Amino acid sequence: MINEQNSLFLFIDVQEKLVGMLAKDKAAKKASILAQAAKILNIDCVLTEQYPKGLGSTIEPVKFQLPDNAKFFEKTAFNALADEEVVNAIKGKENIFLFGIETHICVLQTAMALLEKGYNVYIVKDACASRDSDEFKAGINFMEKAGAKIVTTEITLFELLKSSKHPMFKQVQLLIK
């Protein structure tokens, strides 16, 4: 079962230069919505930044919307779980909602590692991006065939809310209107 306590949002490299290389930044907008929803619903968040010295930091529309307890990790490996601190930061969670840039590299390698460790992995497709659409599609297809569930931002939010009677329903609903 998916709920706020057993779920975590894992933002992969939603960084200035990477977002700047994308043809359109729908993924950045969706990542910002997920950051805001995480704050409203009190969902734990882990963010990685691939070589921030060269690629910049997490974009401001995401960074400034996050819950105060969000954890940031710098990395150089494509698989975020190559960092033991990231592994420790996600311990105790069952459901990992994974998204970011680039779908076919860092998101994919992290998803494979999460699946190997037995997590329920949800790829938030509309909050993922790659510079090349063929690479994006191949990455999504690869992860789905490996056992990750492909979802969208709205599917994620409504799975967490469960009902219009959720105390935060109206606040979350405003994010997607």
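Contact here means heavy atoms within 4.5 Å. Keep that in mind as you work through these exercises on a predicted model.

**Exercise 1. Find which residues of helix 9 are buried, and what covers them.**

*Solution.* Start with the burial cut-off: a residue is buried under 20% relative accessible area and exposed over 50%. In helix 9 (residues 169–176), Phe-169, Val-172 and Leu-175 are buried. Next, look down the axis: these three span an arc of only 120°, so they sit on the same side of helix 9. Turn to the other side, and you meet Lys-170 and Leu-174, which are exposed. Finally, ask what lies over the buried residues: the cover includes helix 2 and helix 8 (153–161).

**Exercise 2. Work out the strand order of the sheet and say which strands stand at its edges.**

*Solution.* Six parallel strands make an open sheet, ordered 3-2-1-4-5-6. Strand 3 (71–75) and strand 6 (149–151) each have a single partner strand, so they stand at the edges with one side lacking a neighbour in the sheet. From one strand to the next, the twist averages 25°. Now zoom in on one pair: strand 2 and strand 3 run parallel and are joined by five bridges, with Gln-50 opposite Lys-75 of strand 3. Then add the helices. Helix 2 (residues 26–41) packs on the sheet and touches strands 1, 2, 4 and 5, while helix 6 (residues 103–116) runs at about 170° to strand 4.

**Exercise 3. Describe the surroundings of Thr-48: is this residue buried or exposed, and which side chain does its own side chain meet in a polar contact?**

*Solution.* First place the residue: Thr-48 belongs to strand 2 (residues 44–50). Its relative accessible area is 1%, so Thr-48 is buried. Its side chain makes a polar contact of 2.8 Å with that of Asp-13. Beyond its close sequence neighbours, Thr-48 also touches several other residues, including Phe-11, Phe-73 and Val-86.

**Exercise 4. Compare the settings of two salt bridges, Asp-126 with Lys-30 and Glu-102 with Arg-131.**

*Solution.* Side chains of opposite charge can pair when their charged atoms come close. For Asp-126 and Lys-30, the N to O distance is 3.7 Å. Asp-126 is in the loop between strand 5 and helix 7 (133–146) and Lys-30 is in helix 2, so the pair links parts 96 residues apart in sequence. Both partners are buried.

For Glu-102 and Arg-131, the closest N and O atoms are 2.6 Å apart. Here the partners lie in two loops, so parts 29 residues apart in sequence are tied together. Glu-102 is buried, at 7% relative accessibility, whereas Arg-131 is partly exposed at 48%.

Terms used:
Residues numbered from 1 in each chain as written. Predicted model: local features only at pLDDT ≥ 70, side-chain atom pairs only at ≥ 80, totals over all residues. Heavy atoms only, no water. Helix = DSSP H or I, 4+ residues; strand = E, 2+ residues; numbered from the N terminus. Buried < 20%, exposed > 50% of the residue type's maximum accessible area, 1.4 Å probe, protein only. Polar contact = N/O pair within 3.5 Å; in protein donor to acceptor, adjacent residues only side chain to side chain. Pairing = 2+ DSSP bridges. Axes fitted to C-alpha atoms, helices over the stretch in contact; angles between N-to-C directions. Arc of directions from axis to C-beta. Salt bridge = Lys/Arg side-chain N within 4 Å of Asp/Glu carboxyl O. Lists of a residue's contacts leave out its neighbours within four places in sequence.
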